[in-house]
Amino acid sequence: MLYYIQQMTHRCLLTIRAHYEEERNMPYGTVAYTTYLKETLALLEDPGLLLVTAGSAGRANAMTIGWATIGVVWGKHVMTVLVRPSRHTYTLIEQSDSFTVCVPRPDMHPAVEYCGEYSGRDGDKLAACNLTVLPSTRVRAPGIDGCPVIYECRIVHKNDVNPTSLAKDITAYPTGNYHRLYYGEILAVRAVPNAAEILGNA
Ligand SMILES: Cc1cc2nc3c(=O)[nH]c(=O)nc-3n(C[C@H](O)[C@H](O)[C@H](O)COP(=O)(O)O)c2cc1C
């Protein structure tokens, strides 16, 4: 098992490093929350986006997410993410008032796979994937440097999936572990200048 994890880590590092070095330190600008909506939703479905949290100890962790919504609630632009209690991310986000959602570059897709398979409880996933954090402009949770689009979100509400109100055709909870929904007011959306080009090639 340890050997397998080491091999995965090594493969992840090699695949990402070459392209990623070029994209570090790209200047970010601010865009409207709808600018990259279509690209963001497409990547949410495949291969997933990176939800980044940092707990009270400060170390950031990234977890792959495939479920989220973006829209308007309480007159605010809101991104809602769903996190199961079994995730390390759940422990971290419960200690925090913010999160970021980072849209990966195509060459980061192996990292998305890795962050969806391994837990930050067992090691530093960002280091394993040669990803570095980017301080956010409006929230405490950092983003991931080089991601073409980053949503900075302040948690304004949370609630748990209630099994008694869930439609019978939703079969996502055979063992419980009901998601907690975190409603994040989108305080900033940062993007690199060539985000459209990068994501168009995704
Ligand atoms: C494509 C994909 C989408 C996922 N979406 C979610 C999600 O929306 N919510 C969730 O709680 N887990 C989701 N997961 C599972 C977590 O990413 C996975 O359990 C991860 O290892 C948790 O990392 P952590 O323990 O460091 O938080 C997804 C996994 C994959 C591969």
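Asparagine 130 lies in the loop between helix H5 (125–128) and strand S7 (133–134). In this predicted model, its phi is near 55°, a positive value in a residue other than glycine. Asparagine 130 is partly exposed, because 17 other C-beta atoms lie within 10 Å, and a buried residue needs 20 or more.

A second asparagine, at position 177, also has a positive phi, near 60°. Asparagine 177 sits in the loop between strand S9 (149–160) and S10. Asparagine 177 counts as partly exposed, with 13 other C-beta atoms within 10 Å. The cut-off for exposed is 12 or fewer, so asparagine 177 does not fall into that class.

Another backbone feature occurs at proline 47. The peptide bond that leads from aspartate 46 to proline 47 is cis, and its omega is near 15°. Proline 47 belongs to the loop between helix H2 (37–45) and S2.

The wider fold can now be set out. The chain contains six helices and ten strands. It has 202 residues, and 36% of them count as buried. Contacts were considered at a separation of 6 or more. Of these, 75% join residues 24 or more positions apart.

Several strand pairings were found. Strand S4 (residues 68–73) pairs with strand S5 (residues 76–83) in the antiparallel sense, over six bridges. Within this pair, valine 72 stands opposite histidine 77 of S5. S4 and S5 form a hairpin, with two residues between the strands. In the turn, tryptophan 74 has a positive phi of about 55°. S5 is also joined to strand S10 (residues 180–191). The S5 and S10 strands run antiparallel and share six bridges. Here valine 83 has arginine 180 of S10 as its bridge partner.

The nonpolar interior was examined next. In soluble globular proteins, nonpolar side chains tend to be buried together. The largest nonpolar core in this model has 48 residues. Leu51 and Val101 have the most contacts inside this core. Strand S2 (residues 49–54) gives the most to the core, with five residues. Leucine 51 touches Ala62, Met63, Ile65, Val81, Thr89, Phe99 and Val101, leaving aside residues up to four places away in sequence.

Towards the end of the chain, isoleucine 198 is found in helix H6 (residues 195–200). Isoleucine 198 has 23 other C-beta atoms within 10 Å; the threshold is 20 or more, so this residue is buried. Not counting residues up to four places away in sequence, isoleucine 198 touches Arg105 and Pro148. Isoleucine 198 and proline 148 are 50 residues apart in sequence, yet their C-alpha atoms are 7.3 Å apart in space.

The ligand site draws on both helices and strands. There are 19 residues around the ligand. Gly66, His88, Thr89, Gly116 and Ser119 come nearest. At least two residues of the shell come from each of strand S3 (60–65), S5, helix H3 (88–94) and helix H4 (109–117). S3 gives the most, with four residues. By residue type, the shell divides into six nonpolar, nine polar and four charged. Thr89 links two parts of this account: it is one of the residues that come nearest to the ligand, and leucine 51 touches it.

Notes. Residues are numbered from 1 along each chain as its sequence is written. This is a predicted model: local features need pLDDT of at least 70, side-chain atom pairs count only at pLDDT 80 or more; totals for chains, interfaces and linings use all residues. Two residues are in contact if their C-beta atoms, placed from the backbone, lie within 7 Å. A nonpolar core is a set of buried Ala, Val, Leu, Ile, Met, Phe, Trp, Tyr and Cys residues joined through C-beta atoms within 7 Å. Two strands pair if DSSP finds at least two bridges between them. A residue is near a molecule or strand if its C-beta atom, placed from the backbone, lies within 6 Å of it. Ala, Val, Leu, Ile, Met, Phe, Trp, Tyr, Cys and Pro count as nonpolar, Asp, Glu, Lys and Arg as charged, and the others, Gly among them, as polar.
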